[in-house]
Amino acid sequence: MPRGPTLSLERAFVGGPVCGVDEAGRGPWAGPVSAGAVILSDNPRKVPKGLDDSKKLTAKAREELELEIKDRAVAWGVGFATVEEIHELNILHATGLAMCRAIEALSVQPAFALVDGNYPFKLPCEVKTVVGGDGKSKSIAAASILAKVARDRLMVEMDARYPGYGFARHKGYNAPSHLEALVNMGPCEIHRRAWRPVKLVLAGIDPRQVEPEQGELAL
């Protein structure tokens, strides 16, 4: 069995280009959700080496691969859905919106999309879901890297705009320092107000005293 993602799933499709699609940032308490879409070459020599689930890579490796992906892919795109859109649509549908935007940003429109996970988002092309796809498909892995790097970069910018929360370090996710800042400073404009810890703080309740293991779930 091959280790890591391959191009087997991409090669199973006939009839047009295949893109991999993945998201980053569904779970954080703050910031947008992002998505990447990537069409890789069917020539293995033109596919960057080391593609894998972005969570398994170091930040340096992701940044290096981001440059390679953008340079060597047939097409790539990144899309975001804002905190306001997450509030209006809910996180699932906002994720689908970010994916649509990523696909629409491609310079070559795909006939098929391999999407990480098991939810069949309504996208501008035929969709095949792949559970654990970023560890099975190289194009999904590439998409996961672009989505992660783009969102991390944006959250560093948000750290400068909203100092004191530590967004550059934890990128809006659950972290003791983030929770402490949230309690002491209150939510800022990019906090997701439907998320449990943020909602509790807005209600005057300290989330550290209420089911901390549920902290990343939206209500």
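**Exercise 1. Lay out the sheet.** In this predicted model, an open sheet contains five strands with mixed pairing. Work out the order of its strands and find which of them are the edge strands.

*Solution.*
Step 1: Reading across the open sheet, the order is 3-2-1-4-5.
Step 2: Strand 3 and strand 5 (126-130) are the edge strands, as each pairs on one side only.
Step 3: To add some geometry, take neighbouring strands of this sheet: on average they are turned by 20° against each other, direction ignored.

**Exercise 2. Follow strand 2 to its partners.** Determine in which sense strand 2 pairs with strand 1 and with strand 3, and over how many bridges in each case.

*Solution.*
Step 1: A reminder to start with: strands of a sheet pair through backbone hydrogen bonds, either parallel or antiparallel.
Step 2: Strand 1 (residues 18-24) pairs with strand 2 in the antiparallel sense, over five bridges. If you would like a residue to click on, G20 has V38 of strand 2 as its bridge partner.
Step 3: Strand 3 (residues 75-81) also pairs with strand 2 in the antiparallel sense, over seven bridges. Here A37 has G77 of strand 3 as its bridge partner.

**Exercise 3. Buried or exposed?** Decide how the residues of strand 2 (residues 33-39) should be classed, taking one face at a time.

*Solution.*
Step 1: The cut-off for buried is under 20% relative accessible area.
Step 2: On one side of strand 2 sit V33, A35, A37 and I39, and they are all buried.
Step 3: On the other side, S34, G36 and V38 are buried too, so both faces are covered.
Step 4: Seven of the seven residues are therefore buried, and strand 2 is largely enclosed by the rest of the structure.

**Exercise 4. Connect two helices.** The structure holds nine salt bridges. Take the one between R153 and E66, and explain why this pair ties together parts that are far from adjacent in numbering, 87 residues apart in sequence.

*Solution.*
Step 1: In general, side chains of opposite charge can pair when their charged atoms come close.
Step 2: For R153 and E66, the closest N and O atoms are 2.9 Å apart.
Step 3: R153 lies in helix 5 (residues 138-161) and E66 in helix 2 (residues 59-72), so the salt bridge ties together parts that are 87 residues apart in sequence.
Step 4: Now check the surroundings: R153 is partly exposed, with a relative accessible area of 40%, whereas E66 is buried at 5%.

**Exercise 5. Find salt bridges within a helix.** Examine the pairs R72 with E68 and K148 with D152, and state how many residues separate the partners in each.

*Solution.*
Step 1: R72 and E68 meet in a salt bridge of 3.2 Å, N to O. Both lie in helix 2, four residues apart, about one turn of the helix.
Step 2: R72 is partly exposed, with a relative accessible area of 30%, and E68 is partly exposed at 31%.
Step 3: In the K148 and D152 salt bridge, the closest N and O atoms are 3.3 Å apart. These two residues are four apart in helix 5, so about one helical turn separates them.
Step 4: D152 is buried, with a relative accessible area of 12%.

Notes. Residues are numbered from 1 along each chain as its sequence is written. This is a predicted model: local features need pLDDT of at least 70, side-chain atom pairs count only at pLDDT 80 or more; totals for chains, interfaces and linings use all residues. Side-chain values use heavy atoms; hydrogens and water are left out. Buried means under 20% relative accessible area, exposed over 50%, partly exposed in between (1.4 Å probe, protein chains only). Two strands pair if DSSP finds at least two bridges between them. A salt bridge is a side-chain nitrogen of Lys or Arg within 4 Å of a carboxyl oxygen of Asp or Glu. Axes are lines fitted to C-alpha atoms, for helices over the stretch in contact, and angles run from 0 to 180 degrees between N-to-C directions.
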